[in-house]
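Trainee: Hi, have you got a few minutes to go through a structure with me? I'd like to talk it over piece by piece.

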Amino acid sequence: MNPAEKRSIDPASQAMLTRAAKEKVPTAWDRLEAMRPQCGFGQLGLCCTFCEMGPCRVDPFGEGAVVGVCGADADTIAARQILRKVAVGGSAHSDHGRTTAMTLLQTAEGHGDYSIKDEKKLRQVARYFGIDPEGKETRALAKAVAQAALGQFGNQEGELIFLKRAPETRQKLWRELGIAPRGIDREVVTALHQTHMGVDADYVSLMKQSMRTALADGWGGSMIATDLQDILFGSPEPLRAKTNLAAIKADKVNIVVHGHEPVLSEMIAEASRDQELLAKAKEAGAEGIQISGLCCTANEILMRHGIPSAGSFLHQELAVMTGAVDVMTVDVQCWMPALKDLTEHFHTRLVTTSNRAKQLGTHHIEFHEEHALETAKEIINLAIESFKNRQPDRVEVPGVEVDMIAGFTAEYIYKMLGGRFRPSYRPLNNGIMEGRLRGVVGVVGCENPRVCQGYAHTELIRELIANDVLVVTSGCSATAAARVKLLQPETAFQMAGRGLQEICEAVGIPPVLHVGACVDNSRILIACSNMVLEGGLGNDISDLPVAGVAPEWMSEKAITIGWYAVASGISVWFGDPLPILGAPGLTQFTTHDVDKMVGAHWSFEADPIRCAHQVIAHLNAKREALKLRPMMYETQDAAAG
Ligand code: SF4
Ligand code: MSK
């Protein structure tokens, strides 16, 4: 097998990996090889650097030190690490939410270049915040909503307002367990305090704070980001778009936007239509200005404007390897510092744009919401200048773009299933109750060079849909699914089980629904709540035949998402295990005992087909507990012989 084929299932990635090897340019995969063997203590969660009596490491075989200098044992050390990771991941999403709230506030006050694109959603979100929208003028209402959203970060007592969007049984459980988050920032600070040397040494207590902090992200920071972005930039509705490295056009000025926060990329997309800039690009010899995205910034602009996605997390270096990227902008999260050296092999200008995410020696154009359009134009001008330095003989854009459908929201599902006049989740619940659909599974999360890129995501999804499981997907998983055509309606006829096929045919949807970026996993929480509220599938999210899977995860945000899913009653499967396996008590709690508390737990399974069948068994068990009918076609097929 060609070494590139072991690294990625994507032919475009393989072509660029082969090129990188030929030109002796290292990529994440090479750096991973150079890093092996990776530290076993770290992988098992047994290394602590939290004070200067350490670093300490605990021997997993019980032959060396079994506690750190302070006496912290394996469970305490590993649990503290997990809580810190949850706090970091939640902070990333929530700071994104805060940026969106600040942008909404400025817009409401009449500053900057943004406008309110979805007034209906503004009125709906106002109601969630307990603000009566009746008779209020748009800007005044937007200001009240932005202030209420910002208030959620500094809230000291009580609980986050959006928790009310969960089923009542779940809200009650959170209160009883003492894990209903108070304020977003408060939970993060408490988490960090709790993990300081000499504070909490009880892994159950540390995990309870992990759930509380994670819930502050899922039902707080991430949900605020999603809702307020919909208000500012428009709620997505399904649209056709394209993906893969071929989104980078050899004959155009290429700007690749990478990261997570769409505030700048929205403006770059708008500025790219500016006639003056287009004329300048033509003058420089280009056919036009092409914007494409990477990672979650890509998902944000893809689902709202149909702007193509050049790829997911591991495509960032491979995009530069095309030699056709004139500017790559990065905002926050998931961009690799390796891009700096890599872009120096080409004419590509790497531009950092956030005051929270810089790199020494990298061109920095700081983005501020109040001068958004000006900054966007400055970046496009830089790209046009950079295009002039492009070396045509170094340009090699591989592959073809793949068609996809993206932009399914929790609100759109009402319309899609129930029609414009009777919007409802009833057909979805009925599909599950009748045994056409086995359940719904969220397949989400990153890519990781430890796994052949896209292999686990796509094998898992294929197995699930073949077994009548409707899949919702976000982040890099969604892009991986799109690359192998899983986000096309025709896929239902080729790969889905008969029951799922019928639903897809009746509604006209693919069997795999792209719901957006990582923060949009909050849409999955809302969809689960809506399923409970619709009735017939139990009283709580933990009763539903649903699950979450992150088969190729790598980021701390994924751990936070996993914990808010579990705390909300959704069991999760991760490919690589959490770094806890050296801590027996914590492992037992995470994979089993937590289920008695919140009705959901963690599992780890790297093999995607085995993982799919574990998930299917879990859905079947939930169906049985609800006393639902057996799966329709399985019964018919069995009867037929
Ligand atoms: Fe070692 Fe305890 Fe300090 Fe951690 S907190 S480094 S286990 S002494
Ligand atoms: S971008 S967090 S690699 S999904 Fe959201 Fe992808 Fe994971 Fe980043």
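Trainee: How many salt bridges does the rule find across the interface of domain 1 and domain 3?

Mentor: Happy to help! Keep in mind that this is a predicted model. The rule finds 3 salt bridges across that interface.

Trainee: Nice. What does Glu 411 form a salt bridge with?

Mentor: Its partner is Lys 121, and the closest N and O atoms of the two are 2.9 Å apart.

Trainee: Let me step back a bit. Which domains does the assignment give for the protein chain?

Mentor: It gives domain 1 (74-232), domain 2 (239-394) and domain 3 (406-640). In the contact of domain 1 with domain 3, 40 residues come from domain 1 and 37 residues from domain 3.

Trainee: And how far apart are the C-alpha centres of domain 1 and domain 3?

Mentor: Those centres lie 24 Å apart.

Trainee: How much area do domain 1 and domain 3 bury between them?

Mentor: About 3200 Å², with 70% of it on carbon and sulfur atoms.

Trainee: Okay, ligands now. Where does ligand 2 lie relative to the domains, and why?

Mentor: Ligand 2 lies between domain 2 (239-394) and domain 3 (406-640), because both of them give residues to the shell around it.

Trainee: Which residues surround ligand 2?

Mentor: There are several cysteines among them: Cys 295, Cys 296, Cys 334, Cys 446, Cys 476 and Cys 518. The shell also includes His 260, Phe 313, Met 554 and Lys 557. By class, it divides into 8 nonpolar, 3 polar and 1 charged.

Trainee: What about the space that ligand 2 takes?

Mentor: That space is the largest cavity. The space taken by ligand 1 is the second largest cavity.

Trainee: Which residues are around ligand 1, then?

Mentor: Cysteines appear there as well, with Cys 48, Cys 51, Cys 56 and Cys 70 among the residues. Others include Phe 50, Ile 77, Arg 80 and Met 197. The classes for this shell are 9 nonpolar, 2 polar and 1 charged.

Terms used:
Residues numbered from 1 in each chain as written. Chains lettered and ligands numbered in written order. Predicted model: local features only at pLDDT ≥ 70, side-chain atom pairs only at ≥ 80, totals over all residues. Heavy atoms only, no water. Near = heavy atom within 4 Å. 1 Å grid on protein atoms, 1.4 Å probe; cavity = no way out; pocket = protein on both sides within 12 Å on 5 of 7 lines; lining within 4 Å. Sits in = over half its atoms within 2 Å of the grid points. Nonpolar A, V, L, I, M, F, W, Y, C, P; charged D, E, K, R; others polar. Domains from an automatic or database assignment. Contact = heavy atoms within 4.5 Å. Buried area = accessible area lost by both parts, 1.4 Å probe. Salt bridge = Lys/Arg side-chain N within 4 Å of Asp/Glu carboxyl O.
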